[in-house]
Amino acid sequence: MSVYPGSYKYVVEFEKFFSNGNLKGLTIKDRLHFTNERDAEDWVDAVKKVNRDGRFFNFKVRAA
């Protein structure tokens, strides 16, 4: 069951690595909700294109 009521039917789960600053060396898990699978996949593709330093990884698109 999703904590987001309404039309958010898909979620992208991913991890982010902090390579500098106070959080250097920390890896966190995060998620974003989307109304449809195509938007979720488009977001993942866009992030992968600009993710040159590998900060974002382990993307998973699934139904919420």
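This report describes the fold, the aromatic and nonpolar groupings, and the charged side chains of one predicted protein model.

## Overall architecture

The protein chain contains one helix and three strands, and from the N terminus on these elements follow the order β-β-α-β. Along its principal axes, the C-alpha trace spans about 35 × 25 × 15 Å. Buried residues account for 19% of the 64 residues in the chain. Of the contacts in the chain with a separation of 6 or more, 56% are between residues 24 or more positions apart.

## Nonpolar core and aromatic cluster

In soluble globular proteins, nonpolar side chains tend to be buried together. In this model the largest nonpolar core has seven residues, namely Val12, Phe14, Phe34, Ala40, Val44, Val47 and Phe59. Two elements, strand S1 (10-17) and helix H1, each give two or more residues to this core, and the largest share, three residues, comes from H1.

A search of the whole structure for aromatic pairs finds five. One of them is formed by Trp43 and Phe59, whose rings are arranged edge-to-face, at 6.2 Å centre to centre and with 70 degrees between the planes. This pair links distant parts of the chain, since Trp43 belongs to helix H1 (residues 37-50) and Phe59 to strand S3 (residues 56-63), 16 residues apart. Which of the two partners counts as buried? Phe59 does, because its relative accessibility of 19% is under the 20% limit, whereas Trp43, with a relative accessible area of 24%, is partly exposed.

Both residues also belong to one aromatic cluster, which is made up of Phe14, Phe34, Trp43, Phe56 and Phe59. Phe34, a member of this cluster, is also listed in the largest nonpolar core. When its neighbours within four places in sequence are left aside, Phe34 is in contact with Ser7, Tyr8, Lys9, Tyr10, Val12, Asp39, Ala40 and Trp43. Among these contacts, Val12 and Ala40 are themselves residues of the core, while Trp43 is a fellow member of the aromatic cluster.

## A buried glutamate and its surroundings

Glu15 lies in strand S1 and is buried, yet the residue has no salt bridge. Why does Lys29, the nearest side chain of opposite charge, not count as a salt-bridge partner of Glu15? Lys29 is 4.9 Å away, and a salt bridge requires a side-chain nitrogen within 4 Å of a carboxyl oxygen, so the pair does not qualify.

The side chain of Glu15 does make a polar contact, at 2.7 Å, with the side chain of Asn58. Not counting residues up to four places away in sequence, Glu15 touches Thr27, Ile28, Lys29, Arg55, Phe56, Phe57 and Asn58. Asn58 is found in strand S3 and is partly exposed, with a relative accessible area of 37%. Although Asn58 is not a glycine, the residue has a positive phi of about 60 degrees.

## Salt bridges

Side chains of opposite charge can pair when their charged atoms come close. A search of the whole structure finds four salt bridges, among them the three set out below.

| Salt bridge | Closest N to O distance |
|---|---|
| Glu13 and Arg62 | 2.9 Å |
| Asp42 and Arg38 | 2.7 Å |
| Arg55 and Asp53 | 3.3 Å |

The side chains of Glu13 and Arg62 meet in a salt bridge; Glu13 lies in strand S1 and Arg62 in strand S3, so this pair ties together parts that are 49 residues apart in sequence. Arg62 is partly exposed, with a relative accessible area of 37%.

The salt bridge between Asp42 and Arg38 is set within helix H1, where the two residues lie four residues apart, about one turn of the helix. Asp42 is partly exposed, with a relative accessible area of 37%.

In the bridge between Arg55 and Asp53, Arg55 is partly exposed, with a relative accessible area of 26%, while Asp53 counts as exposed at 53% relative accessibility. Salt bridges that share partners also join Glu13, Arg31 and Arg62 into one network. Arg55, besides its salt bridge with Asp53, is one of the residues touched by the buried Glu15.

Note on methods: Residues numbered from 1 in each chain as written. Predicted model: local features only at pLDDT ≥ 70, side-chain atom pairs only at ≥ 80, totals over all residues. Heavy atoms only, no water. Phe/Tyr/Trp six-rings, centres within 6.5 Å; stacked < 30°, edge-to-face > 60°. Buried < 20%, exposed > 50% of the residue type's maximum accessible area, 1.4 Å probe, protein only. Core = buried A, V, L, I, M, F, W, Y, C linked by side-chain atoms within 4.5 Å. Contact = heavy atoms within 4.5 Å. Lys, Arg positive; Asp, Glu negative; His and termini not counted. Polar contact = N/O pair within 3.5 Å; in protein donor to acceptor, adjacent residues only side chain to side chain.
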